[in-house]
Amino acid sequence: MLRIPTLTVCGVLLAAAISQSLFAATTNEVDISSIAAKAAAGAEEAIVDGWRFRGLETYSESCIKFDTLSDILISKNYQSPIVAIVYSVRCSSLEPTRFLSVVIGEDGETLGRIPVVSAKDKLEEGVFLIPEEAQVKKISLLLDGRGTTGVWGLGRLAIVTSDGAEAPEVLSTERIGSTRAIFSWINSFSTVSNSVSIMRLSDSLEGAGAVFECDFSLFSAGGNTKDHTSLIPEMYPGLSGERIYAPKDTAGICQISSGTAYGVLSIAGCEDYSGVSLHIRLKRYPEDHAKTELRWTDGIQTNRVAEISLGDEFTDEVIDVSSVPHGATLLICEDSAKGKRRVLIDSLSLVRKGAYRVLESETKSLVRGKGRVVVSTAGMNFKNLIPSSRYRVAVKSFASSGGSSGESQIEFVTDGPKPFAVIVR
């Protein structure tokens, strides 16, 4: 029988860093708020979006409570193996006798326990790792142990599956010559191989200008907030979302999220993001959370592009989205369990500063796993680069399941030709 090690990452800083990397590979965010609402309504047992629970109560509208032994939250069946659980939990004791355990299926082997928190009654983030070779496709969170010490709360839960590879991180050039180059990147835990493309580019930028614009002039509401979720795709083709509103007593303003549930604005304004930046004018709803996020999704995986700070007055933000893969959709949302997340947007546009035309391209593959990778164009048998020329390097990752990631890209200019020298002996 396969021995399944318990791999748990704890500590706020380490967990936050790892969870960011893991979350980038999945869209399996669990709707804790809906589960909390069902539990608050008094349901002893219920199913919410494929997840089933027994005996749960609520701490708040966005946090569920495990306070009786055998309280359990059971996942849906996932098509691909679960490799990590990203969570935020709280506990009423620093020395509990009852613990939140991770179990295979509903009543299978216990994989391990969520670590004890460092501060009572305060949500702390963490990541619980599961070996892919264990082929776990369904899990439960179960309150077990003894006694009555330790009431646990769950504020966020995301299930990371192995059906998608994560894009390489920290792609950078190590050395640039006139005909060769060395560059490096970091592969995630799920990577088994990479593809590397080198493209020679034109000397000047082409195709500058706005590629998508929206001022929300068709949004308006009287004395009550008006739901525009179903209307926005017709008003502004390229935009869609969930929980999209015109705030009460306003015109020309878009509101993401309600006071009780998170929303998202999807922007599919262009196919090719080369040289594109998002120009957006926005602020927070009064007294709501002061941050939101810009992400991209290709339908398989989701990556964060940037965190956006929100003030009490409208400010103009410009965010480079040139690294977003072709065909992906931009998302404006923030779904952590930290209170109200309403965002007000006055206008947005996608502006292309101009792109370099690809003159020629060459692609090679190599077998590499997780960790830092350093390669040279000569070592991978790329043909010699041309001196004083602009190039783009694009690197993809592939998982053992065969799924591929989006591209990580950088551009560089080769050195000038080496001077001709005559050696006299």
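In which strand does S197 lie? In this predicted model, S197 belongs to strand β15, which comprises residues 191-206.

## Setting of S197

With a relative accessible area of 12%, S197 falls under the 20% limit and therefore counts as buried. Leaving aside residues up to four places away in sequence, S197 touches E362, T363, R392, V393 and A394.

One of these residues, T363, is also a polar partner, since the side chain of S197 makes a polar contact with the side chain of T363 at 2.8 Å. V103, by comparison, is separated from S197 by 94 residues in sequence, and the C-alpha atoms of S197 and V103 are 42 Å apart in space.

## A three-stranded open sheet

Elsewhere in the description, attention turns to a sheet. Three strands, in the order β13-β14-β31, form an open sheet in which the pairing is antiparallel. The edges are occupied by β13 (169-176) and β31 (371-376), and because each of these has a single partner strand, one side of each is left without a neighbour in the sheet. On average, and with direction ignored, neighbouring strands of this sheet are turned by 20 degrees against each other.

## The pairing of β13 with β14

Strand β14 covers residues 181-187, and its antiparallel pairing with β13 runs over five bridges. At the level of individual residues, T173 has F183 in β14 as its bridge partner.

Definitions and conventions. Residues numbered from 1 in each chain as written. Predicted model: local features only at pLDDT ≥ 70, side-chain atom pairs only at ≥ 80, totals over all residues. Heavy atoms only, no water. Pairing = 2+ DSSP bridges. Helix = DSSP H or I, 4+ residues; strand = E, 2+ residues; numbered from the N terminus. Axes fitted to C-alpha atoms, helices over the stretch in contact; angles between N-to-C directions. Buried < 20%, exposed > 50% of the residue type's maximum accessible area, 1.4 Å probe, protein only. Contact = heavy atoms within 4.5 Å. Polar contact = N/O pair within 3.5 Å; in protein donor to acceptor, adjacent residues only side chain to side chain.
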